[in-house]
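This report covers aromatic contacts, the nonpolar core, one helix, internal space and backbone outliers. The structure comes first.

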Amino acid sequence: DLLSQYGINVQMGLDYCCGEEEFYLEMLRMYYDQSVEKREEIIFLYETENWEDYAVKVHALKSTSLTIGAEELSERAKALEQAGKKEDVAFIRENHAELVRMHEEVCRSIAGL
């Protein structure tokens with residue numbers, strides 16, 4: 001299915017929602033509805049080199065992505081959060097675009113529901 005094709009562990013997402021499919025779908029929709037705003041915030045903080053707030057926003061993305069089962073995206077966000085806290089700018093510059101791309105893909109797969 002489309003979700004697992006884009007790295008979403010549906011079973012994990014369902015587990016976070018106590019196995020309730022309707023609740024999980026609601027979570028996916030909410031994630032999607034907030035996605036553009038969240039992505040734009042992260043891009044803005046990256047472009048303005050505000051690493052402290054960048055770390056905070058990718059931390060939030062890490063958590064919300066995990067609750068819908070987007071494990072790879074969550075892992076990437078976690079690595080960037082840690083880099084933001086350490087101000088490891090080189091790592092952020094190498095991995096930021098991939099984070100944005102993965103987030104867009106996950107959202108595209110949700111949009112198809």
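## Aromatic cluster

Rings of Phe, Tyr and Trp, the last by its six-membered ring, count as a pair if their centres lie within 6.5 Å; planes under 30 degrees apart are stacked, those over 60 are edge-to-face, and the rest are tilted. In this predicted model, there are three aromatic pairs. Tyrosine 46 and tyrosine 54 make a tilted pair, with 6.3 Å centre to centre and 50 degrees between the planes. Tryptophan 51 and tyrosine 54 make an edge-to-face pair, because their planes stand at 85 degrees, with the ring centres 5.9 Å apart. Tyr46, Trp51 and Tyr54 together form one aromatic cluster.

Tryptophan 51 and tyrosine 54 both belong to helix α4 (residues 51-67), where they sit three residues apart, about one turn of the helix. An α-helix has 3.6 residues a turn, so residues three or four places apart point the same way. Each member of the cluster is buried: tyrosine 46 has a relative accessible area of 17%, tryptophan 51 has 7%, and tyrosine 54 has 0%.

## Nonpolar core

The largest nonpolar core contains 27 residues. Those with the most contacts inside this core are Ile8, Tyr31, Tyr54, Ile68, Leu99, Val106 and Ile110. Two or more residues come from each of α3 (21-47), α4, α5 (71-86) and α6 (89-111). The most come from α3, which gives seven residues.

What does isoleucine 8 touch, not counting residues up to four places away in sequence? The contacts of isoleucine 8 are Leu3, Tyr24, Ile68, Gly69, Ala70, Val106, Ser109 and Ile110. Among them, Ile68, Val106 and Ile110 also appear in the list of core residues with the most contacts.

## Helix α5

The 16 residues of α5 should span 22 Å at 1.5 Å a residue. The end C-alpha atoms of α5 are 23 Å apart, which agrees with that expected span.

The buried residues of α5 are Leu73, Ser74, Ala77, Leu80, Glu81, Ala83 and Gly84. These buried residues pack against α3, α4 and α6.

## Internal space

How many cavities of 30 Å³ or more does the count give? The count comes to one. The largest cavity holds about 40 Å³ of space, and its lining consists of Arg39, Ile42, Leu61, Leu99, Val100 and His103.

The elements that give two or more residues to this lining are α3 and α6. The most come from α6, with three residues. Leu99 is one of the lining residues, and it is also among the core residues with the most contacts.

## Positive phi angles

Glutamate 49 is not a glycine, yet has a positive phi of about 55 degrees. Glutamate 49 is located in the loop between α3 and α4. With a relative accessible area of 45%, glutamate 49 is partly exposed.

Glutamate 87, also not a glycine, has a positive phi of about 55 degrees. Glutamate 87 comes just after α5, in the loop between α5 and α6. Is glutamate 87 buried or exposed? The cut-off for exposed is over 50% relative accessible area, and glutamate 87 counts as exposed because its relative accessibility is 53%.

Terms used:
Residues are numbered from 1 along each chain as its sequence is written. This is a predicted model: local features need pLDDT of at least 70, side-chain atom pairs count only at pLDDT 80 or more; totals for chains, interfaces and linings use all residues. Side-chain values use heavy atoms; hydrogens and water are left out. Buried means under 20% relative accessible area, exposed over 50%, partly exposed in between (1.4 Å probe, protein chains only). Helices (H or I, at least four residues) and strands (E, at least two) are DSSP runs, numbered from the N terminus. A nonpolar core is a set of buried Ala, Val, Leu, Ile, Met, Phe, Trp, Tyr and Cys residues joined through side-chain atoms within 4.5 Å. Contact means heavy atoms within 4.5 Å. The expected span of a helix is 1.5 Å times one less than its number of residues. On a 1 Å grid over the protein atoms alone, a cavity is a set of points where a 1.4 Å probe fits but cannot get out, and a pocket is an open set with protein on both sides within 12 Å along at least five of seven lines; lining residues have an atom within 4 Å of a point. Grid points are joined across faces, edges and corners, and a volume is the space filled by probe spheres set on the points.
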